[in-house]
Structures are given as structure tokens and as C-alpha cells.
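I opened my notebook today to look around a protein chain, one question at a time. Here is what I looked up, in the order I looked.

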Amino acid sequence: MKSAFFAYLSGAPIRIGWERDFLRESVSRFFYTEVVTPKRIHIIDQQMELLKPLGIDPNWDTEVRLEAGVSARRAVEQRLAGLSITS
């Protein structure tokens, strides 16, 4: 509710939020100029859907690469080396 209210007070001409059924506090809906009904399960995908009213397609393929530092890789290798694998 607070976020929606402060967005309203900001004077922003476009305030995008969730449809009433998906809000923790349904009264927040009154402060949005555009509403989105999430159609996906994962929270990141749901958040990406908020871009639709801006004309941005949230369906692009993205790859998030996680790179571990040398010390982290070394620690994992040491830990794995101590494991015995039995079938």
C-alpha cells in the first residue's frame, strides 16, 4: 500500500502494478494507472510482465551466468575431493 501510495504522490503519469487479486493489500490497485495479471509461475517472470504496459516484450531469452571466484572454486573442489562415491 505504501509503495503504491508514494508512486501516486510522485506524480508519475504511469504507475504499473498487479491486478487486485494478486495484491497483498487490494486497495493498492486504486493508485495504479495500469494493471497486470501475472500469467507465469516464477516470481522473476511475473515481475518481467510488469514491463508489458510500457511496450517492452518480457519474453526475450536471457541467460544469467554465475561466475565463481578462484577461491570459491578451490573450496568446492577440495570439498568434492573428500567425498566417496558409491553406487
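**Entry 1: Phe31 and its contacts.** I started with Phe31 and skipped its neighbours within four places in sequence. I found Phe31 in contact with Met1, Ala4, Phe5, Tyr8 and Arg15. I noted for myself that this is a predicted model.

**Entry 2: the core.** Which residues make up the largest nonpolar core? I listed Ala4, Trp18, Leu23, Phe31, Tyr32, Val36 and Leu50, 7 residues in all. So my starting residue, Phe31, belongs to this core, and so does Ala4, one of its contacts. I added a reminder from class: in soluble globular proteins, nonpolar side chains tend to be buried together.

**Entry 3: Phe5.** Next I followed one of the contacts of Phe31, namely Phe5. I located Phe5 in helix H1, which covers residues 2-9. Is Phe5 buried or partly exposed? Its relative accessible area is 33%, so I wrote down partly exposed, because buried would need a value under 20%. I also checked Phe5 against Ser26: the two are 21 residues apart in sequence, and their C-alpha atoms are 12 Å apart in space.

**Entry 4: Ile43.** I moved on to helix H2, residues 43-48, where I found Ile43. Ile43 has a relative accessible area of 48%, so I put it down as partly exposed; exposed would need over 50%. From Ile43 I went to Glu19, which is 24 residues away along the chain, and the C-alpha atoms of the pair are separated by 15 Å.

**Entry 5: Arg79.** My last single residue was Arg79, in helix H3 (residues 70-81). With a relative accessible area of 67%, Arg79 is exposed. Its C-alpha atom is separated by 20 Å from that of Leu66, and the two residues are 13 apart along the chain.

**Entry 6: the whole chain.** Then I stepped back. I counted 3 helices and 2 strands, and from the N terminus the order of elements is α-β-β-α-α. Why do I call the chain more spread out than a compact globule? Its radius of gyration is 21 Å, well over the 12 Å that the globule rule gives for 87 residues. Along its principal axes, the C-alpha trace spans about 60 × 30 × 25 Å.

**Entry 7: surface and charge.** I saw that buried residues make up 16% of the 87 residues. The chain exposes about 7400 Å², and carbon and sulfur atoms supply 56% of that. Among contacts with a separation of 6 or more, residues 24 or more positions apart account for 24%. Finally I tallied charges: 12 positive and 11 negative side chains, with the centres of the two sets 6 Å apart.

Definitions and conventions: Residues are numbered from 1 along each chain as its sequence is written. This is a predicted model: local features need pLDDT of at least 70, side-chain atom pairs count only at pLDDT 80 or more; totals for chains, interfaces and linings use all residues. Side-chain values use heavy atoms; hydrogens and water are left out. Helices (H or I, at least four residues) and strands (E, at least two) are DSSP runs, numbered from the N terminus. The radius of gyration is taken over C-alpha atoms; the globule rule is 2.2 Å times the number of residues to the power 0.38. Buried means under 20% relative accessible area, exposed over 50%, partly exposed in between (1.4 Å probe, protein chains only). Contact means heavy atoms within 4.5 Å. Accessible areas come from the Shrake-Rupley method with a 1.4 Å probe; for residues, only the protein chains shown count as cover. Lys and Arg count as positive and Asp and Glu as negative; His and the chain ends are not counted. The place of a charge is taken as NZ of Lys, CZ of Arg, CG of Asp or CD of Glu. A nonpolar core is a set of buried Ala, Val, Leu, Ile, Met, Phe, Trp, Tyr and Cys residues joined through side-chain atoms within 4.5 Å.
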